[in-house]
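Colleague: I should like to go through this structure with you and ask what stands behind each term. Please set every value against its definition.

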Amino acid sequence: MRFLTNTITKASISRCIIVNSSVQSTSFRSHARNGAPLSLFRATTAWPSSTFKPAAYPSSASVTTAATASPTPAQKTAESKPTVDVTVKVPSLPVSFEDISRALYRIQSGIKRTHCDMSKFLSELCGCNIYLKKDFTQFTGSFKERGGRNSLMLLSPEAKKQGVITASAGNHALALAWHGKDLNIPVICVMPTTAPLAKVDKCRKFGANVILHGEHIGEAKQFAQKEYPALKYINGYDDPEIIAGAGTMGIEILEQTPNVEVILVPVGGAGLIAGVSLAVKTIRPDVQVIGVEPENVASYAAALKAGKPVNGFKEATLADGLAVPVVGPTSFEVARHFVDDTCTVSEKMIALAMLRLIEMDKLVVEGGGAAALAAILPGGPLFGKYNGKNVCVLLCGGNIDTSVLGRVIDRGLAADHRLIRFSATVSDRPGGIAKLARDMADLGVSVKVSDGL
């Protein structure tokens, strides 16, 4: 065990991360949320009971560099006393930064390193420097590929032969189906009968065995675990391997945008924000990580208030990928230590965010993928809070049906007061409708014919 500084001081504590008894230089701060220590140390072998006591472990680097001069009695007395008496307790978490680091290397053969680009138009609109992490450009259209591939690659040889099973209505099923095909691992996807047909067809094209069962994801999961108990069940947002895979995005963001100050993360089952916050806070504890949820399904906020995962579902949301009624207990246990704050966004703001991305950056994303941007747009809960700062917005999914996209665009236009429905009384004499049309033309508006008319 060797420290990077000559004397063990508070400065040396604040400049190291303990990972498997090795020291990596970085900036470190101790954080706390709800009384839980946010230590970024993970001493897995050197100290029992996950306790770090630097003063008790002197080394050859603990003496001054001027070794040629004989120490005076006063110096001997000073050196005989520990410079600092610090004990940092490490919360026992199911996922570590080491897991994320290994996952980053493990999945690189099959995962795209997506772009993180600055949007000039959105930056001007939001009053801060907006960087868009475009993980919806993964092959299957979402960040779910990261955790899915990591989970499959960590299976035992026997489990790889038997295959895996999962329950999902969309993105997670697509990710497992695609990477299962790539890694030659059989995959069974149990999808609710309400799953979009386009996603069901894609899963089948990727070679997955698709079973339609249940009205919602909960019933599909129960069926999968009951009917196939011998197969490994992969939870799309709560398995440690899934969280570690999702966290690789956090490392990428820090490498691509080293000056980032705030990261906005959409929250559904909390697997993504758990992994990203753990990775980011380990490397850059000064960066704020903010979770964004739809008002209709604020399950993470409900879990924080209750102190444990509880049902936060109110009603359906445009961000269907985030409509997880109860956050995963594993994800919640990790995220609550590292996430700085959370907020919720309305359906109106989600639709408006999707519209802004289409018009300003020519990007088509699903509701869950646009939720983080919705928070910082004018009218959002974070607008004006980070003026002039560098803000990274995660665009995590782009799988949206074209029929749904058309309706969402209309809702966005209505929220932007550019699409208005009104009633007018027109004279039944000849020229009455023509006069109304002329008046509208003089105002510079056009007429949109409603469906079915």
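Modeller: Buried means under 20% relative accessible area, exposed over 50% and partly exposed in between, with a 1.4 Å probe and protein chains only. This is a predicted model, in which local features need pLDDT of at least 70, side-chain atom pairs count only at pLDDT 80 or more, and totals for chains, interfaces and linings use all residues. Residues are numbered from 1 along each chain as its sequence is written, and side-chain values use heavy atoms, with hydrogens and water left out.

Colleague: What makes H13 largely enclosed by the rest of the structure?

Modeller: Helices are DSSP runs of H or I with at least four residues, numbered from the N terminus. In H13, the buried residues are Thr 330, Ser 331, Phe 332, Val 334, Ala 335, His 337 and Phe 338. Seven of the ten residues are therefore buried, and H13 is largely enclosed. Phe 332, for one, has a relative accessible area of 5% and so counts as buried.

Colleague: Why is the pair of Tyr 300 and Phe 332 called edge-to-face?

Modeller: Rings of Phe, Tyr and Trp (its six-membered ring) pair if their centres lie within 6.5 Å; planes under 30 degrees apart count as stacked, over 60 as edge-to-face and the rest as tilted. The structure holds four aromatic pairs. For Tyr 300 and Phe 332 the centres are 5.8 Å apart and the planes stand at 70 degrees, so this pair is edge-to-face. Tyr 300 belongs to helix H12 (residues 299-306) and Phe 332 to helix H13 (residues 329-338), so the pair ties together parts 32 residues apart in sequence. Tyr 300 is buried as well, at a relative accessible area of 1%.

Colleague: Which residues do ring pairs link into a cluster?

Modeller: Phe 139, Trp 178 and Phe 206 are linked in this way.

Colleague: How do you know that Cys 189 and Cys 203 form no bond?

Modeller: A disulfide is a pair of cysteine sulfur atoms within 2.5 Å. The closest cysteine sulfur to that of Cys 189 is in Cys 203, at 4.7 Å, which is too far for a bond. The structure holds zero disulfides. Both cysteines are buried: Cys 189 has a relative accessible area of 1%, and Cys 203 has 0%.

Colleague: What is the mean pLDDT of the protein chain, and where does pLDDT stay under 50?

Modeller: pLDDT is the predictor's confidence in each residue, from 0 to 100. The chain has a mean of 82, with 79% of its residues at 70 or more. The value stays under 50 over residues 1-68, and it is below 50 over residues 81-88 too.

Conventions: Helix = DSSP H or I, 4+ residues; strand = E, 2+ residues; numbered from the N terminus. Contact = heavy atoms within 4.5 Å.
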